[in-house]
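User: Please take a close look at the interior of this model. I would like one connected account of what is packed there and where charged side chains come into the picture.

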Amino acid sequence: MVTRQSWAEPWKVKVVEHLTMTTHAERKAAIADAGYNTFLLPSRLVYIDLLTDSGTSAMSDRQWAGMMIGDEAYAGSENYYHLERTVQSIYGYRHLIPTHQGRGAENILSQICIRKGDVVPGNMYFTTTKLHQELAGGRFTDVIIDEAHDSESEFPFKGNVDLNKLQRVIDEVGVDRIPYLSLETNVNMAGGQPCSLENIEQTCALCHKHGIKVILDATRAVENSYFIKYREPAQQDKSLGEILRAICDCTDGCTMSAKKDSLVNIGGFLALNDDELADQARNLVVVYEGLQTYGGMAGRDMEALAIGIRESVHLDHMHSRIGQVEYLGHKLIEAGIPVVRPIGGHGVFLDAAKFLPHIQRDQFPAQTLTAALYLDSGVRSMERGAVSAGRDSKTGENLFPSLELVRLTIPRRVYTQAHMDVTAESIISVYNQRDQIKGLRFTYEPKYLRFFQARFDPVD
Ligand code: F0G
């Protein structure tokens, strides 16, 4: 294994953004006004914002310089061609269809590939990915390994596909009803857990043997490549870029939320190798996103993205990015806080079911914990449990996934080690008072992706 040195950041700060400090009374009023949903808090009332790593990264001076050479032409922007060349060279796919963000790509992919009654296997669901599959008439089925559902398992590749489960789905449903396998890297809902390259290759080989396409969710594929380098002995001499290419080369295309790995505040794409599918996607992108040479992004956004993609595969960058997340995670582990292990790539995930064992699942321990943490210190986190899972599309019953988590998601290149220390102190303080915390019940529940807009009240 490669030895790791300190993770100190390979950059220095050029511009600062001031944060607001609030009082306990202000936060008590704010979280009640927000219906105990951290998504509904105004960001000016948030001190350390760990809601998401999506679109929250700090861009580099080079990316900002790139913004100045935005070619804002409706058609054929120069920045599109730069982005296309960059995606072709770093990710390796032939066709690039830009979209405003990841779910734009998921919508187009689902519409061109899924027919009513189809089944899409994947290594754990992601909220928007699964919803687009369902809206297109399909059904998601989970083929991730069992270890992914156990927050205490130290297995190094908890994102892996279980090949036996996948084979069973193929046998039961039949290849004609499986338009593609959706393969996520650094599986978000499992706690940012990676797949091994060996497993990715075996999964693709099994699918391709049956003529089933594999579409990568490449949102955090570079972070996954980092874990492969350090945890998969056969890959330790490869660069992040080489590992990333090895992942992409065995798949048939990808959807991408560039707001994560690629260090931009907005953007995404669909990339495909198949000429005919790419034509269909280009035709639909003009319906939903914009012309095929901008897909909802400004020229300057595409330039920043092209530069961000190149920065994302630098080892020093990824070393400090993952190092910072692990720093927070290990501080919490040392204090005896229940967290998903091993520490994931984009955040630390608190095991809310173990943190608040006295709160029943139907009173949403993870949602409750996000509100308690905000109240304590102004740290904003996100629920990733039953509220996120929503209801069964057939029975309408609440889904209770095995993991009931709170995500402390670390934006890239934004916060310091001291911010991580303050966050850890607040979590420890909430843990010490956990017996006094009461659960929540819905007062408003929207139909789609309810976690974004739902409102709650404390249960008496
Ligand atoms: N796939 C994964 C794995 C994601 O994490 C996300 C977004 C998407 C697709 C959708 O991309 O937001 O650009 O439309 N995840 C964000 C998060 C929202 O906070 O985890 P998008």
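Analyst: Helices here are DSSP runs of H or I with at least four residues, numbered from the N terminus. By that assignment Thr368 belongs to helix H14, residues 365–377. The model is a predicted one.

Thr368 is a convenient way into the interior. With a relative accessible area of 3%, below the 20% limit, Thr368 is buried. Leaving out residues up to four places away in sequence, Thr368 touches Leu356, Ile359 and Gln363, together with the run Ile437, Lys438, Gly439 and Leu440.

The wider setting is a protein with 16 helices and 14 strands. Its radius of gyration is 21 Å, close to the 23 Å that the globule rule gives for 460 residues, so the protein is as compact as a globular protein of that length. The C-alpha trace spans about 60 × 55 × 45 Å along the principal axes. Buried residues account for 59% of the 460. Of the contacts between residues at least 6 apart in sequence, 73% join residues at least 24 apart.

The nonpolar part of the interior comes next. The largest nonpolar core has 58 residues, and Leu83, Tyr91 and Phe269 touch the most other members. Helix H8, residues 221–231, supplies the largest share of this core, with 6 residues. Another core, of 30 residues, lies apart from it, and its members include Val339, Tyr415, Ala424 and Ile437. Ile437 is also one of the residues that Thr368 touches.

Tyr91 has contacts that are distant in sequence. Not counting residues up to four places away, they include Ala218, Val222, Leu244, Cys248, Met256, Phe269 and Ile309, along with Arg245. Phe269 falls within the span of strand S8, residues 268–272, where Ala271 also lies. Ala271 is buried, with a relative accessible area of 0%. Beyond its neighbours within four places in sequence, Ala271 is in contact with Val87, Tyr93, His95, Gly253 and Cys254.

Charged side chains are also found in the interior. The structure holds 23 salt bridges. In one of them, the side chains of Arg220 and Asp53 meet at 2.8 Å, N to O. This pair links distant parts of the chain, 167 residues apart: Arg220 sits in the loop between strand S6 and H8, and Asp53 in the loop between strand S1 and helix H2. Arg220 counts as buried because its relative accessibility is 3%, and Asp53 counts as buried at 0%.

Helix H8 comes up again in a second bridge. Here Arg412 and Glu223 meet at 3.0 Å, N to O. Glu223 is in helix H8, while Arg412 is in the loop between strand S12 and helix H16, 189 residues apart along the chain. Both Arg412 and Glu223 are buried. Salt bridges with shared partners join Asp53, Arg220, Glu223, Arg321 and Arg412 into one network.

A third bridge has partners of another exposure class. Arg94 and Asp275 meet at 3.0 Å, N to O, and the pair spans 181 residues, from the loop between helix H3 and strand S2 to helix H10. Arg94 is partly exposed at 47% relative accessibility, and Asp275 is partly exposed at 40%.

For contrast with the interior, Trp11, Val13 and Val16 form a nonpolar patch on the surface, with about 300 Å² of accessible area together. Val13, in the segment before helix H1, counts as exposed because its relative accessibility is 56%.

Definitions and conventions
Residues are numbered from 1 along each chain as its sequence is written. This is a predicted model: local features need pLDDT of at least 70, side-chain atom pairs count only at pLDDT 80 or more; totals for chains, interfaces and linings use all residues. Side-chain values use heavy atoms; hydrogens and water are left out. Patches are made of residues with over 30% relative accessible area and no salt bridge: like charges are joined within 9 Å, nonpolar side chains (Val, Leu, Ile, Met, Phe, Trp, Tyr) within 5 Å. Accessible areas come from the Shrake-Rupley method with a 1.4 Å probe; for residues, only the protein chains shown count as cover. A salt bridge is a side-chain nitrogen of Lys or Arg within 4 Å of a carboxyl oxygen of Asp or Glu. Helices (H or I, at least four residues) and strands (E, at least two) are DSSP runs, numbered from the N terminus. Buried means under 20% relative accessible area, exposed over 50%, partly exposed in between (1.4 Å probe, protein chains only). The radius of gyration is taken over C-alpha atoms; the globule rule is 2.2 Å times the number of residues to the power 0.38. Contact means heavy atoms within 4.5 Å. A nonpolar core is a set of buried Ala, Val, Leu, Ile, Met, Phe, Trp, Tyr and Cys residues joined through side-chain atoms within 4.5 Å.
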